[in-house]
Amino acid sequence: MINTEDFIKRLQKVMEYYGESASSFAEKIGVQRSSISHILSGRNKPSLDFILKMLHTFPEVDLYWLFNGRGNFPASSKTEPLKETPKSLPPDTGLFKDLETKKTNNKSIERIVIFYSDGTFKNFQN
């Protein structure tokens with residue numbers, strides 16, 4: 001469960017970082033101004049839709065940092081290279097070859113999320 005007061009502080013930090021007022025922030029992420037006002041006042045908790053729109057519009061915001069203060073803001077765009085090849089995936093399988101254009105039953109890959117053992121993740125969207 002997230003602490004609403006701490007979430008509000010982190011939301012305000014994001015808005016300050018981007019130099020956005022509540023109304024301009026709401027416009028950028030595509031929500032009503034009243035929803036930002038209600039969240040900032042503590043009247044309402046943020047919806048999943050609100051969180052997803054915010055993360056999509058501002059990719060520097062780390063989900064774990066936003067929810068519980070763990071991690072960094074702005075999130076680091078650099079990822080550390082793998083020190084060794086994962087044992088579960090042989091190096092030359094060709095599994096990820098032409099990943100962006102791979103289609104199965106008229107479905108295309110929209111997003112890949114990689115979860116790390118330290119609780120962080122990377123989100124790659126097409």
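This passage walks through the overall layout of the chain and then zooms in on one residue, Arg10.

The model is a predicted one. Its chain holds five helices and four strands, and the order is easy to remember: reading from the N terminus, the elements go α-α-α-α-α-β-β-β-β. In other words, the helices are listed before the strands.

As for packing, 20% of the chain's 126 residues count as buried. The chain exposes about 9,800 Å², with carbon and sulfur atoms supplying 50% of that area. Looking at contacts between residues with a separation of 6 or more, 43% come from residues 24 or more positions apart.

Now for Arg10, which sits in helix H1, the stretch covering residues 4-18. This arginine is buried, yet it has no salt bridge. The nearest side chain of opposite charge belongs to Asp6, 4.8 Å away. With the salt-bridge cut-off set at 4 Å, the Asp6 pairing doesn't make the list.

What the Arg10 side chain does reach is backbone. One target is the backbone oxygen of Trp65, at 2.8 Å; another is the backbone oxygen of Phe67, also at 2.8 Å. Both residues turn up again among the contacts of Arg10: setting aside neighbours within four places in sequence, Arg10 touches Trp65, Leu66, Phe67, Asn68 and Gly69. So the picture for this buried arginine is one of no salt bridge, by the 4 Å criterion, alongside side-chain approaches to the backbone oxygens of Trp65 and Phe67.

How values were computed:
Residues numbered from 1 in each chain as written. Predicted model: local features only at pLDDT ≥ 70, side-chain atom pairs only at ≥ 80, totals over all residues. Heavy atoms only, no water. Helix = DSSP H or I, 4+ residues; strand = E, 2+ residues; numbered from the N terminus. Buried < 20%, exposed > 50% of the residue type's maximum accessible area, 1.4 Å probe, protein only. Contact = heavy atoms within 4.5 Å. Areas by Shrake-Rupley, 256 points an atom, 1.4 Å probe, with all protein chains shown as cover. Lys, Arg positive; Asp, Glu negative; His and termini not counted. Polar contact = N/O pair within 3.5 Å; in protein donor to acceptor, adjacent residues only side chain to side chain.
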